[in-house]
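Please walk through this fold with the sheet in view, following the strands from pair to pair before turning to the surface.

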Amino acid sequence: MARTARTGRKKDVTYSRRKNRKLFLQAKPHVRRILMSARLSPELRAKHGIKSVPIRRDDEVTIMSGGSRGKEGKVVKVKRRSYAIYVEKVTKDKANGSTIHLPIHPSNVMITALKLDKDRRKFLERKEHKDKAAKGKDKVQEESVQNNMSTVD
């Protein structure tokens, strides 16, 4: 991406609040899936080598912020339209006696256990492979720079 000399901003990206709100609120479902990612617990992060994953039904989460902080449970429902997830044990009693699940934004939770099926495993393998390749490129570049610097003397 080209940057402008004066401001250092990317030319192809808008910084307008109005336009960014519009893009966020009118995003297609496949884009919303990525926007609804949640961070992984330290154990899962070490195991898979990934920081965050799009959240999905039957993942187990811990709520990290908000009124229900500290509660754990399984994701019952993911509503992409309202950018909300619903967790098993986070409910509210209504005046008529019925109970409803409270909506929680995925950025306020941490995934403690993933529901792994065939597609999710493939996704994780692809992400791990991509990250390892990127790290390998960095090491190769560092080694080539060091080799070039040693020949300069």
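Valine 75 stands opposite valine 87 in β5, a strand that covers residues 84-93 and pairs with β4 in the antiparallel sense over four bridges. Strands here are DSSP runs of E with at least two residues, and helices are runs of H or I with at least four, both numbered from the N terminus; two strands count as paired if DSSP finds at least two bridges between them. The model is a predicted one, in which local features need pLDDT of at least 70 and side-chain atom pairs count only at pLDDT 80 or more, while totals for chains, interfaces and linings use all residues. Residues are numbered from 1 along each chain as its sequence is written, and side-chain values use heavy atoms, with hydrogens and water left out.

Between β4 and β5 lies a hairpin with four residues between the strands, where tyrosine 83 takes a positive phi near 55°. On the other side of the pairing scheme, β4 (residues 72-79) runs antiparallel to β3 (residues 60-63), to which three bridges join it, and within this pair glutamate 60 has lysine 74 of β4 as its bridge partner.

Continuing from β5, the next pairing is with β6, again in the antiparallel sense and over five bridges, with lysine 92 standing opposite isoleucine 100 in β6. The hairpin of β5 and β6 has five residues between the strands, and glycine 97 in this hairpin takes a positive phi near 100°.

These pairs belong to an open sheet of seven strands with mixed pairing, in the order β2-β1-β7-β3-β4-β5-β6. Its edge strands, each pairing on one side only, are β2 (52-54) and β6 (99-104). From one strand to the next the twist averages 50°, where axes are lines fitted to C-alpha atoms and angles run from 0 to 180 degrees between N-to-C directions.

The largest pocket has a volume of about 210 Å³. A pocket is an open set of points on a 1 Å grid over the protein atoms alone, where a 1.4 Å probe fits, with protein on both sides within 12 Å along at least five of seven lines, and its lining residues have an atom within 4 Å of a point. Of the 13 residues that line the largest pocket, Arg33, Pro54, Ile55, Arg56 and Arg80 are the closest to its centre. β2 and α4 (118-152) each supply at least two residues of this lining, and α4 gives the most, with three residues.

Note on methods: Points joined across faces, edges and corners; volume = space filled by probe spheres on them.
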